[in-house]
Amino acid sequence: MEDLAYKTKSIWENCDTKKQKELHEFAKHYVKFLSENKTERECISSALEKLQEAGFSDDLKNNKYVTVLHNKSLFAIRKGKKDLSEGFHVVTAHADSPRLDFKQNPLLETVGVAQAKTHYYGGIWKYQWLARPLAIHGVVIKQDGEVVNIVIGEKASDPVFTISDLLPHLGKEQVTQTVAKAFPAEKLNILIGHCPLAKKGKEKEENPIKAHVLQLLFKKYGIKEEDLLSAEIQVVPAGEARFVGLDSALVGGYGQDDRICVYTALKAFLEVEEPEHAICLMLWDKEEIGSEGTTGASSRFFEYCIQDVIAAWSPKTTLSKVMLHSRAISADVHAAIDPDWQELHEKQNSSIIGRGPTICKFTGSGGKYGANDAHPEYVAWLRNIFAEKEIPWQMAALGKVDHGGGGTVALFLAVYGLNTIDMGPSLLGMHSPFEISSVADIYYTKEAYKAFYQA
Ligand code: MN
Ligand code: MN
């Protein structure tokens, strides 16, 4: 008799050694991408490079079009066999990740050290950023428009940076405080120097350590303190992403939310041979701070791009017709059941790492507030394409109903009326400096996006 009950199972259970090798091979390239791209700018320029290699350009006469806004968000589209009026299939992901940003007046000298003041970006547990090696990535735009790219702390020969933490001996008060109180944001200052400027004659420098830091910055990058007013310097965990576990079946690294979706969506987008519908890749910025801003999903950039493409490829159709016939996957990570915090998840409706990418029919919190909540017709359509290609996937919601929740960019796609759903791999330790994903999920997330593009 047919098994009437439904349950998911681990991808690894169906994997022979040959398949395991294939999954690892794919993950190796992902680990490299993750290690090399730690800011939205770095992700966008890396994606643009791969797209250009594959024949994409900013010429709309071409069948493969790509355009970038402010170096931080990217739109790419490829013609399908069907006319654009029959809609396109789009996968969107965000390239920004939680981090610490330099304030615009960052440098100070005090009690034997120079520090850089920061303002955190996105949702972090502040304590996770203390007492660990940190790197600096960013751009300084000089008054004359010259762009200076900065990366310090990634090469083995580079120095790193850090935020010193309070010693337990003096933490009598902190140990009784709430996390919010014990870790004030104004104490997230980066150690950036210690040795004062070498003395020249009798002249006394007021802040000789800071002066030394400024001298080093000037020598290496030709920048002055004032140039930091027009800079974006991001402080991120130093070092490469790594395989985790004796079996190397997990990947640990910074920024997997949402660069795991950026990478898998880009790979899928490039692997499709002759798509039926036009296929589109949209990479956003600013998701971690509410999707506002010119490069965030609430901006009009996506719409402008679609309008340009309609004018070039199918001028007789309308924006509304194209949008209403299109389908979207909002590709973002999901929370896997944490082995040590299982009580915060409702297990029957939670994602288990290694069981395939997770579809989240609705996000939001407190009674589905702020959710897109995809239509069951669309879920059924997706079930069918994944079943045809034997792609493992799972359905989940984020945590217990009363324990919180979260949102994604799905809402900003949904305003156009196109079918939209959240789908992406689940992570352990999301938003931490060392997020964990499954080697099996990475591969099948790419396969799932590819099947969606091909449908
Ligand atoms: Mn995300
Ligand atoms: Mn996030």
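Trainee: Which residue bridges the manganese ion (ligand 2) and the manganese ion (ligand 1)?

Mentor: Asp257 does, and the two ions lie 3.4 Å apart. This is a predicted model: local features need pLDDT of at least 70, side-chain atom pairs count only at pLDDT 80 or more, and totals for chains, interfaces and linings use all residues, while side-chain values use heavy atoms, leaving out hydrogens and water. Residues are numbered from 1 along each chain as its sequence is written, and chains are lettered from A and ligands numbered from 1 in the order in which they are written.

Trainee: What coordinates the manganese ion (ligand 2)?

Mentor: Asp257 (OD), Glu288 (OE) twice and His431 (NE2), at 2.1 to 2.6 Å. Donors here are N, O and S atoms within 2.8 Å of the metal (3.2 Å for Na, K and Ca); water is not among the atoms, so sites may look incomplete. Along the chain the spacing is D-x30-E-x142-H.

Trainee: Where do Asp257 and His431 lie?

Mentor: Asp257 is in helix H5 (residues 256-271), and His431 is in the loop between strand S20 (426-427) and strand S21 (435-438), so the pair ties together parts 174 residues apart in sequence. Helices (H or I, at least four residues) and strands (E, at least two) are DSSP runs, numbered from the N terminus.

Trainee: Are Asp257 and His431 buried or exposed?

Mentor: Both are buried. Buried means under 20% relative accessible area, exposed over 50%, and partly exposed in between (1.4 Å probe, protein chains only).

Trainee: How many residues of H5 are buried?

Mentor: 13 of the 16, so H5 is largely enclosed by the rest of the structure.

Trainee: Now the other ion. What coordinates the manganese ion (ligand 1)?

Mentor: His94 (NE2), Asp257 (OD) and Asp332 (OD) twice, at 2.1 to 2.5 Å. His94 sits in strand S3 (residues 88-94) and Asp332 in the loop between strand S13 (327-330) and strand S14 (334-335), so this pair links parts 238 residues apart in sequence. His94 and Asp332 are buried.

Trainee: How many cavities of 30 Å³ or more are there?

Mentor: One. A cavity is a set of points on a 1 Å grid over the protein atoms alone where a 1.4 Å probe fits but cannot get out; lining residues have an atom within 4 Å of a point. The volume of the largest is about 40 Å³.

Trainee: Which residues line the largest cavity?

Mentor: Ser97, Pro98, Tyr254, Gly255, Asp257, His431, Ser432 and Glu435. Note Asp257 and His431, two donors of the manganese ion (ligand 2).

Methods
On a 1 Å grid over the protein atoms alone, a cavity is a set of points where a 1.4 Å probe fits but cannot get out, and a pocket is an open set with protein on both sides within 12 Å along at least five of seven lines; lining residues have an atom within 4 Å of a point. Grid points are joined across faces, edges and corners, and a volume is the space filled by probe spheres set on the points.
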